[in-house]
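Thanks for making time, everyone. I'd like to walk you through one model today, starting with a single residue and working outwards. Have a look at it first.

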Amino acid sequence: MRRFPLSPALQRAMELLSDPPSNPVVSRGYLDLLGGEADSGSAQNTGAIQRLWASPFGSMFYDNAQTLARRLLEAWQHPIEWLDIPAGGVALDVGCGPGSITASLARAVGADGLALGVDVSEPMLARAVRVRAGAQAGFLRADAQQLPLRDNTVDAVVSIAVLQLIPDPMAALGEMARVLKPGGRIALMVPTVGLASRIWQLPLKSGVRVFGDDEIADTLEGYGFTSVRAKNFGTIQWVRGKQA
């Protein structure tokens with residue numbers, strides 16, 4: 001079998017993994033920790049919306065929609081700015097999609113830092129590796145419900161419009177809390193309750209969850225986060241907090 005070299009960012013990522021593979025699969029430009037199928041043992045979301053995001057068309061659509069969402073929501077301070085990532089630090093983008101947020105994290109950590117994007121979708125990651133995110137950015141195919149990183153390894157976590165697609169979003173939040181260092185910060189964007197949000201749930205087995213206004217903030221506080229704040233923009237909510 002042909003061996004492909006690890007990029008500098010993925011070499012660093014290997015040092016942070018709880019169970020680094022002896023023969024890392026990086027032939028597509030990202031480190032595949034799931035193999036041919038998402039067999040991590042966690043519940044898998046097979047709803048219609050999730051299938052759309054996992055398709056090549058869905059990855060392109062999501063990319064454009066995410067760009068528009070960032071422009072509309074930056075009225076409440078760009079999450080990258082609030083995360084206050086130290087130069088040379090490690091930042092994690094959970095559900096990175098096509099990699100645009102990961103690229104922002106890479107700029108924030110600087111040349112000596114590490115920005116990691118995690119997603120289960122191969123088409124999304126195929127787009128992400130084409131983003132000019134810098135040598136300090138790397139992408140992993142992994143399950144947000146069982147993040148492959150060791151405890152207390154990252155300085156900041158961001159997750160944009162992803163938790164609603166994960167079968168057990170609270171488990172994913174617990175994983176984000178686990179890998180954050182003490183004092184590390186988190187920024188999340190999720191859909192919340194409301195008439196427009198419920199439309200997403202009308203199609204049978206759509207695979208999309210809509211959260212209550214306090215659900216994410218309360219969960220973060222339950223995991224020990226402090227300075228938890230939530231702000232709504234229509235049916236979209238930003239939530240942020242600091243690891244104790």
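Let's start with Val129, which counts as partly exposed because its relative accessibility is 30%. The cut-offs here are under 20% relative accessible area for buried, over 50% for exposed, and partly exposed in between, with a 1.4 Å probe and protein chains only. Val129 sits in the loop between H6 and E4. On those labels: helices (H or I, at least four residues) and strands (E, at least two) are DSSP runs, numbered from the N terminus.

Before I go on, some housekeeping. This is a predicted model, so local features need pLDDT of at least 70 and side-chain atom pairs count only at pLDDT 80 or more, while totals for chains, interfaces and linings use all residues. Residues are numbered from 1 along each chain as its sequence is written, and side-chain values use heavy atoms, with hydrogens and water left out.

Back to Val129. Which residues is Val129 in contact with, leaving aside its neighbours within four places in sequence? They are Arg28, Gly29, Tyr30 and Phe139, where contact means heavy atoms within 4.5 Å. Take Arg28 from that list: Val129 and Arg28 are 101 residues apart in sequence, yet their C-alpha atoms are 8.3 Å apart in space.

Now hang on to Arg28, which takes us to the salt bridges. A salt bridge here is a side-chain nitrogen of Lys or Arg within 4 Å of a carboxyl oxygen of Asp or Glu. By that rule the count is 6. One of them joins Arg28 and Glu122, with the closest N and O atoms 2.6 Å apart. That pair links distant parts of the chain: Arg28 is in the loop between H1 and E1, Glu122 is in helix H6, and they are 94 residues apart. Arg28 is exposed, at a relative accessible area of 53%, while Glu122 is partly exposed at 25%.

Another salt bridge is between the side chains of Asp32 and Arg141, at 3.3 Å from N to O. Asp32 lies in strand E1 and Arg141 in strand E4, so this pair ties together parts that are 109 residues apart in sequence. Are these two buried or exposed? Asp32 is buried, at 14% relative accessibility, and Arg141 is buried too, with a relative accessible area of 4%. Put the two pairs side by side and you get a network of salt bridges linking Arg28, Asp32, Glu122 and Arg141.

While we're in H6 (residues 122-128), look at Met124, which is found in that helix. Met124 counts as buried because its relative accessibility is 3%. In sequence, Met124 and Cys96 are 28 residues apart; in space, C-alpha to C-alpha, they are 8.1 Å apart.

Next, the sheet. It's an open sheet of 8 strands in the order E1-E4-E3-E2-E5-E6-E8-E7, with mixed pairing. Two strands pair if DSSP finds at least two bridges between them. The edge strands, pairing on one side only, are E1 (31-32) and E7 (225-233). E1 pairs with E4 (residues 137-141) in the parallel sense over 2 bridges, and Leu31 has Leu140 as its bridge partner in E4.

What about E5? Because 7 of its 7 residues are buried, E5 is largely enclosed by the rest of the structure. E5 pairs in the parallel sense with E2 over 3 bridges, and with E6, again in the parallel sense, over 6 bridges. In the first of those pairings, Val157 in E5 is the bridge partner of Leu92. In the other, Ala156 stands opposite Arg185 in E6.

Last stop, helices H1 and H7. In H1 (residues 8-16), the buried residues are Ala9, Leu10, Ala13, Met14 and Leu16. They're on the same side of H1 because they cover an arc of only 155 degrees around the axis, going by the directions from the helix axis to the C-beta atoms. Those buried residues pack against E1, E2, E3 (114-119) and E4. The face turned away from them carries the exposed residues Pro8 and Glu15.

In H7, Arg178 and Glu175 form a salt bridge, with the closest N and O atoms 3.0 Å apart. The two are separated by about one helical turn, being 3 residues apart in that helix.
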